[in-house]
Amino acid sequence: MINIVDKRQCCGCTACVQKCPKHCIFLYEDGEGFLYPKIDINNCIDCGLCEKVCPFQDCDKSLLPLEVWAVKNRNEPDRMHSSSGGVFIALAREVLALDGVVFGAVFDENYEVKMAYSETLEGVRPMMGSKYLQARMETAYVDAERFLKQGRHVLFSGAPCQIAGLHKYLRKDYPNLLSVDFLCHGVPSPGVWRRYLKETMSDLQSARRAVAGKNTVFPSLNVMPTIAGIEFRDKTLHGWKKYGFIVRGKFALKAEQNTVLLSDIHNENPFMRGFLFDIYLRPSCYRCKCKNGVSHSDLTIADFWGIDELIPDFDDDKGVGMVLINTEKGKHIFERLSMEVRLSVLSDVMPLNGGFKECRKPHPKRAFFFSALQQEKR
């Protein structure tokens, strides 16, 4: 049975939770804000399925990509609403046209991230854009298997460990499944994100009250805004390379709907800085076992960092995507997309894209950070 002693050995994919025939594995949140499985041993029948579907306990062999491409979606609105080149939405359109189902990460009502599925383009749009959090998997593997057994086409997008978990959970190849992962930096703590959002909204409210004072001409300054949208990778203000972190809000007055509450260049935003400096990544991210072809995804998508050096005439600072074609199935659907493309090679892109690294190094002050966070909670 699954018994997490070393937290670096659990990526949180929840394949074990969803596969358990007795439903006796549940999730708990640890002091760092990450979810881990725990078994109710009174109901466990010791079938061993939880261990068999764990991508960290039974790793597949790494596969080299067949091809590497630089891509730009020809649909300009789709590309501008995407984090990089607009590959995901193009893939989603293809699968939906086949009466398929698309799985991806969306914000919930508290602006935490969960895995969801949609059979419509309207439902897919919230999945667009990077969300630098670990998505709660909910029942995504169970739902995907149900659709696959019905013969529906399924596009399942997620982090490498989530895709590895999907393949382990399914335990067979489905020709109607298109699995897509991304070059992953690692996943930051949902608990830290929750704390950041709470403090940010509190600070914004304090600032508005300070501006308002006793002025009754602008009563809305004393009204607490509610979040209307969050973008980790906005490129409309500063371009793709200097992408912005934006929080939008809404107020009671119609004149103040969809107001920008916060706008930072990514490397100036406190949460993003902590993420990029590896302070609060999941422990397993420092020893990732699912990257660089181990997940056996059909396609791997990413930003094509370094495009200005490798193919400068292809760079317009509106976003260029990288696609690693890992299987013939992935190649078949990629060739059907309406994209501007340029061929590249793995040896050129790897040095310029940190997402290829299997392991991040924990920040020297990681332990201190979480210790201080726990002290503040008491």
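This briefing walks through the sheets, helices and a few individual residues of the structure shown above. The model is a predicted one. Its strands include an open sheet of eight with mixed pairing and an open sheet of three with antiparallel pairing. Helix 7 (160-170) makes a good landmark, because ten of its eleven residues are buried.

**The eight-stranded sheet**

- Reading across this open sheet, the strands come in the order 5-4-6-7-11-12-3-13.
- Strand 5 and strand 13 (339-344) are the edge strands, and each has a single partner, so one side of each has no neighbour in the sheet.
- On average, neighbouring strands here are turned by 25° against each other, with direction ignored.
- Within the sheet, strand 6 and strand 7 run parallel and are joined by four bridges.
- Phe156 has Ser179 in strand 7 as its bridge partner.
- As background, the strands of a sheet pair through backbone hydrogen bonds, in either a parallel or an antiparallel way.

**The three-stranded sheet**

- This open sheet has the order 8-9-10, and its pairing is antiparallel.
- Strand 8 (226-234) and strand 10 (259-265) form the edges with a single partner strand each, so one side of each is left without a neighbour in the sheet.
- Neighbouring strands of this sheet are turned by 15° against each other on average, again ignoring direction.
- Six bridges connect strand 9 (residues 244-250) with strand 10 in the antiparallel sense.
- Phe245 finds its bridge partner in strand 10, namely Asp264.

**The hairpin of strands 1 and 2**

- Strand 1 (residues 25-29) and strand 2 (residues 35-39) run antiparallel and are joined by five bridges.
- Across this pair, Phe26 stands opposite Lys38 in strand 2.
- Five residues lie between the two strands of the hairpin, and Gly33 has a positive phi near 95° there.
- Glu29 belongs to strand 1, and its relative accessibility of 39% makes Glu29 partly exposed.
- Leaving aside residues up to four places away in sequence, Glu29 touches Phe34, Leu35 and Arg194.
- For a sense of scale, the C-alpha atoms of Glu29 and Thr259 are separated by 33 Å, and these two residues are 230 residues apart along the chain.

**Helix 7 and its surroundings**

- The buried residues of helix 7 are Pro160, Cys161, Gln162, Ile163, Ala164, Gly165, Leu166, Lys168, Tyr169 and Leu170.
- Their cover includes helix 1 (15-19), helix 2 (49-52), strand 5, helix 6, strand 6 (154-157) and strand 7.
- Helix 7 lies across strand 5, strand 6 and strand 7, and runs at about 150° to strand 7.
- The axes of helix 7 and helix 6 (residues 140-149) come within 10 Å and cross at roughly 55°.
- Helix 6 and helix 7 are therefore oblique to each other, and their crossing is right-handed.
- At this contact, Tyr141, Val142, Ala144, Glu145 and Leu148 of helix 6 meet Cys161, Gln162, Gly165, Leu166, Tyr169 and Leu170 of helix 7.
- Sorted by class, the contact of helix 6 with helix 7 has eight nonpolar, two polar and one charged residues.

**Helix 4**

- Helix 4 (residues 87-97) is mostly covered, with nine of its eleven residues buried.
- Those buried residues are Val87, Phe88, Ile89, Ala90, Leu91, Ala92, Glu94, Val95 and Leu96.

**Residues with a positive phi**

- Most residues other than glycine have a negative phi, which makes the next few worth a look.
- Tyr111 has a positive phi near 60° and sits in the loop between strand 4 (101-107) and strand 5 (113-118).
- Tyr111 also counts as buried, because its relative accessible area is 15%, under the 20% cut-off.
- Arg171 has a positive phi near 60° as well, and its place is the loop between helix 7 and strand 7 (177-182).
- Along the chain, Arg171 follows helix 7.
- Asp99 comes just after helix 4 and takes a positive phi of about 60°.

Terms used
Residues are numbered from 1 along each chain as its sequence is written. This is a predicted model: local features need pLDDT of at least 70, side-chain atom pairs count only at pLDDT 80 or more; totals for chains, interfaces and linings use all residues. Side-chain values use heavy atoms; hydrogens and water are left out. Two strands pair if DSSP finds at least two bridges between them. Axes are lines fitted to C-alpha atoms, for helices over the stretch in contact, and angles run from 0 to 180 degrees between N-to-C directions. Buried means under 20% relative accessible area, exposed over 50%, partly exposed in between (1.4 Å probe, protein chains only). Angles under 35 degrees count as roughly parallel, over 145 as roughly antiparallel, 65 to 115 as roughly perpendicular and the rest as oblique. A crossing is left-handed if the near helix is turned anticlockwise from the far one by less than a right angle, and right-handed if clockwise. Contact means heavy atoms within 4.5 Å. Ala, Val, Leu, Ile, Met, Phe, Trp, Tyr, Cys and Pro count as nonpolar, Asp, Glu, Lys and Arg as charged, and the others, Gly among them, as polar.
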